[in-house]
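Here is a report on one protein chain. Please look over the sequence and the structure before reading on.

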Amino acid sequence: MKNIKFILPLLALVLFSCSDYLDVNTSPNNLTYDQATPAKLLPGAQVNTYRVQATTMNTLGNVFMNSWTRNVQSYGNGYDNELQLVISNSFYNGIWDGLYRNLMNFEGIIKYPNPDHKYDNYVAAAKICKAFYMQRIVDLYGKCPYSNAWKGGLNTTPSYDDDFTIYKDLVKNLEDARALIAAANANAEDISGVDVMLAGDMAAWNEFANSTELRLLLRMSEATDATVVAYRNTKLQAIAAGPFLSANVAINPGYNGSRDDQATPGFFTYAYVTAGTTQANRVFITMSGHAYKALQSTATTNWPAGATREIIAGSGVTYPDVTDPRSARLFTAGSGQTFRRAVTQGATLVDVTTPTGTLPGLPCRLGLIGHFNPYAQAPNQTLEEYFSCDGSVMSLSESKFLEAEAAVRYPTVFTGSAQTAFNAAVTDDFARKVATMGTYLTTINTKPNFGFSETFTTAQKLHAIMFQKWIALMGVNAIESYIDYTRTGYPLTPLPTVATQSRKPYRLIYPISEYVANSANVPSMVAADAFAINAFTPFWKR
């Protein structure tokens with residue numbers, strides 16, 4: 001190995017850490033395999049892919065799912081393209097560019113010479129992470145580079161692969177990872193010292209692989225192509241026994257408040273810089289009117305006289321009329337304000353509040369406890385505690401909602417109780433948001449479309465799962481709710497009043513970086529293609 005000089009040209013862009021063990025003393029532009037070992041690559045890849053998820057992807061998901069909007073009391077514009085549904089090849093390019101750039105390090109681990117099985121645990125973790133994040137690229141873009149991607153100078157214009165073919169290989173990655181974990185080779189190095197997600201707990205990695213595969217397979221739940229359906233059903237049978245996640249998949253490489261680049265990404269992006277001053281997002285982002293109505297009772301909302309309580313006019317589904325204790329955790333009154341207020345997406349005035357609230361006035365801001373204090377990790381709610389909190393890669397509640405959906409859709413395969421999984425998912429999210437449940441679960445479970453009962457119809461059960469998942473992932477991993485919405489149409493979500501399209505897009509447009517650097521391979525598409533089901537739509541929706 002001492003003589004191998006395999007250059008990884010993109011490492012300069014992706015090696016980052018909050019911890020000394022990731023420091024590289026030589027120029028990252030000249031790292032060889034001797035230096036860019038799996039121990040060096042794994043934590044940096046974990047941290048940087050998560051950063052994309054926690055910031056760029058999270059923002060898009062929250063705005064597209066009508067949870068967040070702009071504070072129109074203080075800002076005249078912002079989120080204009082998101083609210084108008086104007087997308088282009090420059091729209092949220094950071095998702096594609098950020099994930100592809102950082103997936104290269106997982107690929108570097110997978111391809112690293114491993115004749116004596118020393119790196120088996122690294123490879124298993126890398127394969128699981130690759131499947132977890134590459135799925136998002138397929139879900140948001142459809143066909144994309146895969147088999148010829150991440151080859152650096154050996155192939156700078158990779159061809160595009162069929163998205164179903166990619167999905168099948170991602171499942172194989174997960175199967176391979178589980179096999180490596182099960183083999184537990186005696187030479188396999190303990191990764192607890194560098195694994196910033198699961199601290200080298202390979203049983204937990206096995207659970208994470210299963211939950212990730214379940215998410216992949218449920219994406220195909222409404223597919224009609226016979227080949228896709230047969231594949232999905234076979235793999236569901238194989239994975240039904242789990243075990244699935246038994247705890248939150250968190251990430252923390254040593255987040256702290258000493259420098260901006262050391263802080264946990266969500267809190268730094270949406271709340272405060274480490275010098276103690278507020279980020280612009282702290283004032284800019286506010287609660288949408290839809291989120292307010294969904295999380296508050298009719299008696300605590302200023303419904304105009306005679307206004308329909310339907311989520312979408314003509315849908316026949318009205319807001320649940322239950323005050324959710326998580327509401328005040330997720331969104332708190334604006335600075336110096338008595339009343340919580342919200343803004344209908346597209347409105348030019350703050351227009352939603354309590355029946356006794358005054359308008360206009362500053363709308364809600366993001367609640368620090370509900371968004372950035374998982375399981376009361378910041379008990380004193382100091383800035384330093386918040387800067388040091390874990391990030392959430394995949395929550396236990398998300399996994400439990402997947403189990404609930406699987407039990408509803410495939411009861412002869414997933415024979416566990418959908419009700420139990422649903423209740424566990426909601427209960428975990430209350431704990432995560434440090435909210436007191438009280439009678440909420442009992443009450444909401446009497447409400448079709450919002451709570452769960454075996455007496456409800458399948459459509460009502462599925463809507464309830466997606467509605468509660470929307471709340472659970474709000475502000476944390478909201479892109480997942482948006483992808484679920486493009487797959488199922490649930491939960492019902494109103495369009496902004498300024499939308500220029502009749503629906504939300506099924507996918508995003510390939511980024512300008514592809515049209516510039518890989519023009520011979522990138523499919524040519526126009527904005528209208530993203531809003532219709534066609535050859536560009538991800539395979540599981542076609």
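The report starts with the whole chain and then turns to single residues.

## Overall build

This is a predicted model. The protein chain holds 20 helices and eight strands. Its radius of gyration is 23 Å, close to the 24 Å that the globule rule gives for 542 residues, so the chain is as compact as a globular protein of that length. Along the principal axes, the C-alpha atoms fill a box of roughly 80 × 55 × 45 Å.

Of the 542 residues, 60% are buried. Contacts reach far along the sequence. Taking those between residues at least 6 apart, 72% join residues at least 24 apart.

## Surface and charge

The accessible surface of the protein chain is about 19,200 Å². Carbon and sulfur atoms account for 53% of that surface. The chain carries 42 positive and 43 negative charges. The mean positions of the two sets are 4 Å apart.

## Aromatic pairs

A pair of aromatic rings is described by the distance of the centres and the angle of the planes. The model has 33 aromatic pairs. One of them joins F267 and F387. Their ring centres are 5.1 Å apart and their planes stand at 80°. An angle over 60 degrees counts as edge-to-face, so this pair is edge-to-face.

The F267–F387 pair links distant parts of the chain. F267 is in helix α9 (residues 265–270), and F387 is in helix α14 (residues 383–388). The two residues are 120 residues apart. F267 is buried, at 0% relative accessibility. F387 is buried too, at 2%.

Ring pairs also build a cluster. Its members are W96, Y100, Y141, Y146, W150, Y160 and Y510.

## Y270 in helix α9

Helix α9 also holds Y270. Is Y270 buried or exposed? Its relative accessibility is 2%, and buried means under 20%, so Y270 counts as buried.

Which residues does Y270 touch, beyond those up to four places away in sequence? From the earlier part of the chain come A54, T55, N58, T59 and W68. The others are N281, R282, I285, L366 and F372. V283 is 13 residues from Y270 along the chain, and their C-alpha atoms are separated by 9.1 Å.

## N206 in helix α7

N206 sits in helix α7 (residues 202–219). Its relative accessible area is 18%. The cut-off for buried is under 20%, so N206 is classed as buried. Leaving out residues up to four places away in sequence, N206 touches R178, I181 and P243.

## Cis peptide bonds

L359 and P360 are joined by a cis peptide bond, with omega about 0°. P360 belongs to the loop between β6 (331–332) and β7 (365–366).

Y490 and P491 are also joined by a cis peptide bond. Here omega is about -5°. P491 falls in the loop between α19 (479–488) and α20 (512–517).

## Positive phi outside glycine

Y79 is not a glycine, yet its phi is positive, near 60°. Where is Y79 placed? It is in the loop between β1 (68–70) and α3 (80–84). Y79 counts as buried, at 11% relative accessibility.

N449 is likewise not a glycine, and its phi is positive at about 85°. N449 lies in the loop between α17 (440–444) and α18 (458–473). At 13% relative accessibility, N449 counts as buried.

## F452 in the α17–α18 loop

The loop between α17 and α18 also contains F452. F452 has a relative accessible area of 1% and is buried. L441 is eleven residues from F452 in sequence. In space, the C-alpha atoms of F452 and L441 are 9.1 Å apart.

What is F452 in contact with, once neighbours within four places in sequence are set aside? The partners are V408, A418, Q419, F422, I444, N445, K461 and I465. Of these partners, I444 is in helix α17 (440–444). K461 and I465 are in helix α18 (458–473).

Notes:
Residues numbered from 1 in each chain as written. Predicted model: local features only at pLDDT ≥ 70, side-chain atom pairs only at ≥ 80, totals over all residues. Heavy atoms only, no water. Helix = DSSP H or I, 4+ residues; strand = E, 2+ residues; numbered from the N terminus. Rg over C-alpha atoms; globule rule 2.2 N^0.38 Å. Buried < 20%, exposed > 50% of the residue type's maximum accessible area, 1.4 Å probe, protein only. Contact = heavy atoms within 4.5 Å. Areas by Shrake-Rupley, 256 points an atom, 1.4 Å probe, with all protein chains shown as cover. Lys, Arg positive; Asp, Glu negative; His and termini not counted. Charge placed at Lys NZ, Arg CZ, Asp CG, Glu CD. Phe/Tyr/Trp six-rings, centres within 6.5 Å; stacked < 30°, edge-to-face > 60°.
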